[in-house]
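Open the model in your viewer and keep the selection panel at hand. Each stop below says what to select and what is there.

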Amino acid sequence: IDFGGLRDYTAVSIMDSSDDPVKELKIEYWRDPVAKNNVERALMILKQNRVEAVMIEENSIGKPHIQWMEDLSRREMSALNIIPVYITNVVKDEMIKEFGYGIEHRKLLLQNDVYAMGELTSYRRSKSASGVDRYSAPNGLHDDTVVARLLAYRLARQHRGDNQVMRRVFIAMPHNRYREGDAMRVLPSWM
């Protein structure tokens, strides 16, 4: 989950790692300046999809959202494992390389959502003066669904294990809810 505020979107990506390739089952995003509404809506989505674990960006406004999510989930979803992630340039670079590898090697199927695919294809890499890679959306655009997808894919890979021998279901969802025609393979321009 990438929580947004006044100008950004809150974005939730749900992926199923029980099979190869990993499948994005849902991508949802919305803009609401009221933090409590964002947490409650995200929790409702997780609950409806029987999500067992979630990674949440804790940078900036994420930390209080994580606390609210933990408090609410204890009351409503005692089994939800919340994993906060502080995203630095190094962490983002690792996540992007994992994500790119997944797409390039057909280990990841994404929902063909027009807005989310637009964010993904407009996402850019640039070099800082010190030579460090930076990733972001162009001025005036957003990267919220990209960050949510990066987090969801990282969690799916970690939950399944690198060797793919242990294939625990990270989202307990019936397989018939996913249809091949609902997803799309894509290689973004920043890869």
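**Stop 1: helix α5**

Select α5: it is mostly covered, with 15 of its 17 residues buried. This is a predicted model. Put a distance between the first and last C-alpha of α5, and the span is 24 Å. That is close to the 24 Å expected at 1.5 Å a residue. Keep α5 displayed for the next stop.

**Stop 2: the nonpolar cores**

Which residues touch the most other members of the largest nonpolar core? Select Met 15, Phe 99, Leu 108, Leu 110 and Leu 151. The core holds 25 residues. Now colour the elements that give two or more residues to this core: β3 (53–57), α3 (89–104), β5 (108–111), α4 (114–122) and α5 (144–160). The largest share, 8 residues, comes from α5.

Next, show Ile 14, Trp 30, Val 39 and Leu 43. They belong to a second, separate core, which has 18 residues. As background, nonpolar side chains in soluble globular proteins tend to be buried together.

**Stop 3: Asn 49**

Go to the loop between α1 (35–48) and β3, where Asn 49 is found. Is Asn 49 buried or exposed? Its relative accessible area is 4%, under the 20% cut-off, so Asn 49 counts as buried. Show its side chain: it reaches the backbone oxygen of Ile 45 at 2.7 Å. Then add Ile 14, a member of the second core. Asn 49 and Ile 14 are 35 residues apart in sequence, yet their C-alpha atoms are 8.2 Å apart in space.

**Stop 4: the largest pocket**

Turn on a surface and find the largest pocket, which contains about 360 Å³ of space. Which residues lie nearest its centre? Select Asp 2, Asp 8, His 142, Asp 143 and Asp 144. The full lining has 20 residues. By class, 6 are nonpolar, 8 polar and 6 charged.

**Stop 5: His 142**

Stay at the pocket and zoom in on His 142, one of the residues nearest its centre. His 142 is found in the loop between β7 (133–136) and α5. Its relative accessibility is 17%, under the 20% cut-off, so His 142 counts as buried. Now label the side chains of His 142 and Asp 8. They make a polar contact with each other at 3.3 Å. Asp 8 is also among the residues nearest the pocket centre.

Conventions:
Residues numbered from 1 in each chain as written. Predicted model: local features only at pLDDT ≥ 70, side-chain atom pairs only at ≥ 80, totals over all residues. Heavy atoms only, no water. Core = buried A, V, L, I, M, F, W, Y, C linked by side-chain atoms within 4.5 Å. Buried < 20%, exposed > 50% of the residue type's maximum accessible area, 1.4 Å probe, protein only. Helix = DSSP H or I, 4+ residues; strand = E, 2+ residues; numbered from the N terminus. Polar contact = N/O pair within 3.5 Å; in protein donor to acceptor, adjacent residues only side chain to side chain. 1 Å grid on protein atoms, 1.4 Å probe; cavity = no way out; pocket = protein on both sides within 12 Å on 5 of 7 lines; lining within 4 Å. Points joined across faces, edges and corners; volume = space filled by probe spheres on them. Nonpolar A, V, L, I, M, F, W, Y, C, P; charged D, E, K, R; others polar. Expected span 1.5 Å × (residues − 1).
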